[in-house]
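Please open the structure in the viewer and keep the sequence panel visible. The tour proceeds by selections, each followed by an account of what is found there.

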Amino acid sequence: MISWKKNLTSSIGKKFVTGITGLLLVSFVIVHLIGNLLLYAGPDAFNSYAYFLEHRLIHGWAVYVADAMLILFFGAHAVAGISVWQKKRLARPQPYYQAGNAGGASRKSFASRTMIVSGLVILVFVILHVRMFKFGPTATVVVDGIEMRDLYTLVVSTFKVWWISFAYMAVMVLLGLHLRHGIWSAFQSVGATSPRYQPVIYVGGVTLSILIGLGFFLLPLVILFFYENPALSMGGI
Ligand code: HEM
């Protein structure tokens, strides 16, 4: 009998791990985007939402559970993804002379050929992003009698720095590209290979990747050009 450890560390097992963790991370990214859209609703809405997540949801436990799961999923996704890429590279040190569709369920594209690059950039981005916002210096505000972190001011004043906003926008294009191939590929890796559903999965994945990429892309853009810079009562970013 083959052990589950052997199964997960085989090529197919690693693809499965990349696929399932990728789909779970896509769910997180969608929820995160919807939450961030509250930046358009103003400081009280955004700060209260962040406060609710951090202190009220499952009595404040949700954030610990979510963080532990995110670290596990991001870690497993990156390790399995890099390992699959390395194995492919060793099997074919020279790239294909001509890039093209290999036929059948193959969906080769610029996005699929640059998954390792976009993935590594997103990994570095997430580390810097969490340091910047989750552990960034926030003042506090009082909303409805409750004292909470003024994350709204931190985010808006950060995106008022033009090069940070442009760097965010560039990464969001890469995120869109990563998801463009990633969502499709993840469904293949977890076994959703029925030819009947292929077109739906492909078109659905591409549409979702555009919506997610564009949604995140517009936030720094709109804030940079259309928001007032909140008076900074803190010493920098
Ligand atoms: C314009 C885009 C974005 C904005 C404005 C934004 C905003 C924020 C803020 C304010 C926090 C801190 C939440 C808190 O401390 O309660 C946060 C955390 C986080 N963000 Fe983003 N985010 C953006 C894009 C992204 C993207 C694209 C990813 C992933 C690919 C991402 C992943 C994370 C993660 C993993 C955390 C830590 C989660 C937690 O523990 O609360 N963010 N983000």
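The stops below run from the whole chain to helices, the ligand and single residues.

**Before selecting**

This is a predicted model, in which local features need pLDDT of at least 70 and side-chain atom pairs count only at pLDDT 80 or more, while totals for chains, interfaces and linings use all residues. Residues are numbered from 1 along each chain as its sequence is written.

**The whole protein**

Display the protein as a cartoon: nine helices and two strands appear. Helices (H or I, at least four residues) and strands (E, at least two) are DSSP runs, numbered from the N terminus. Along the sequence, their order is α-α-α-α-α-α-β-β-α-α-α. Of the 237 residues, 22% are buried. A residue is buried if 20 or more other C-beta atoms lie within 10 Å of its own, exposed if 12 or fewer, and partly exposed in between, with C-beta atoms placed from the backbone. Among contacts between residues at least 6 apart in sequence, 78% join residues at least 24 apart; a contact requires C-beta atoms, placed from the backbone, to lie within 7 Å.

**Helix H2 and its partner H9**

Select H2, residues 11-36. This helix of 26 residues reaches 36 Å from its first C-alpha to its last, close to the 38 Å expected at 1.5 Å a residue; the expected span is 1.5 Å times one less than the number of residues. Its buried residues include Lys14, Val17 and Leu25.

Now add H9, residues 198-226. H2 and H9 pack at an angle of about 35°, with their axes 10 Å apart. Axes are lines fitted to C-alpha atoms, for helices over the stretch in contact, and angles run from 0 to 180 degrees between N-to-C directions. Show the side chains of Val29, Ile30, Leu33 and Asn36 in H2, which meet Ile212, Gly215, Phe216 and Leu219 in H9. By class, this contact has six nonpolar, two polar and no charged residues. Ala, Val, Leu, Ile, Met, Phe, Trp, Tyr, Cys and Pro count as nonpolar, Asp, Glu, Lys and Arg as charged, and the others, Gly among them, as polar.

**Helix H4**

Select H4, residues 62-91. H4 has 30 residues and spans 43 Å between its first and last C-alpha, close to the expected 44 Å. His77, Ala80 and Gly81 are buried in H4, and the buried residues of this helix pack against H2 and H6. Next choose Met69, also in H4. Met69 is classed as partly exposed because 14 other C-beta atoms lie within 10 Å. Its C-alpha atom is separated by 10.0 Å from that of Thr21, 48 residues apart along the chain.

**The ligand**

Which residues are closest to the ligand? Select Ala50, Phe133, Lys134, Phe216 and Leu219, the closest of the 21 residues that surround the ligand; a residue counts as near if its C-beta atom, placed from the backbone, lies within 6 Å. H6 gives the largest share of this shell, five residues. By class, the shell has 15 nonpolar, three polar and three charged residues.

**Two loop residues**

Finish with His59, in the loop between H3 and H4. His59 has a positive phi of about 55° although it is not a glycine. His59 is exposed, with 7 other C-beta atoms within 10 Å. Asp144 is found in the loop between strands E1 and E2. Its phi is also positive, near 50°, and Asp144 is exposed, with 8 other C-beta atoms within 10 Å.

Notes
Contact = placed C-beta atoms within 7 Å.
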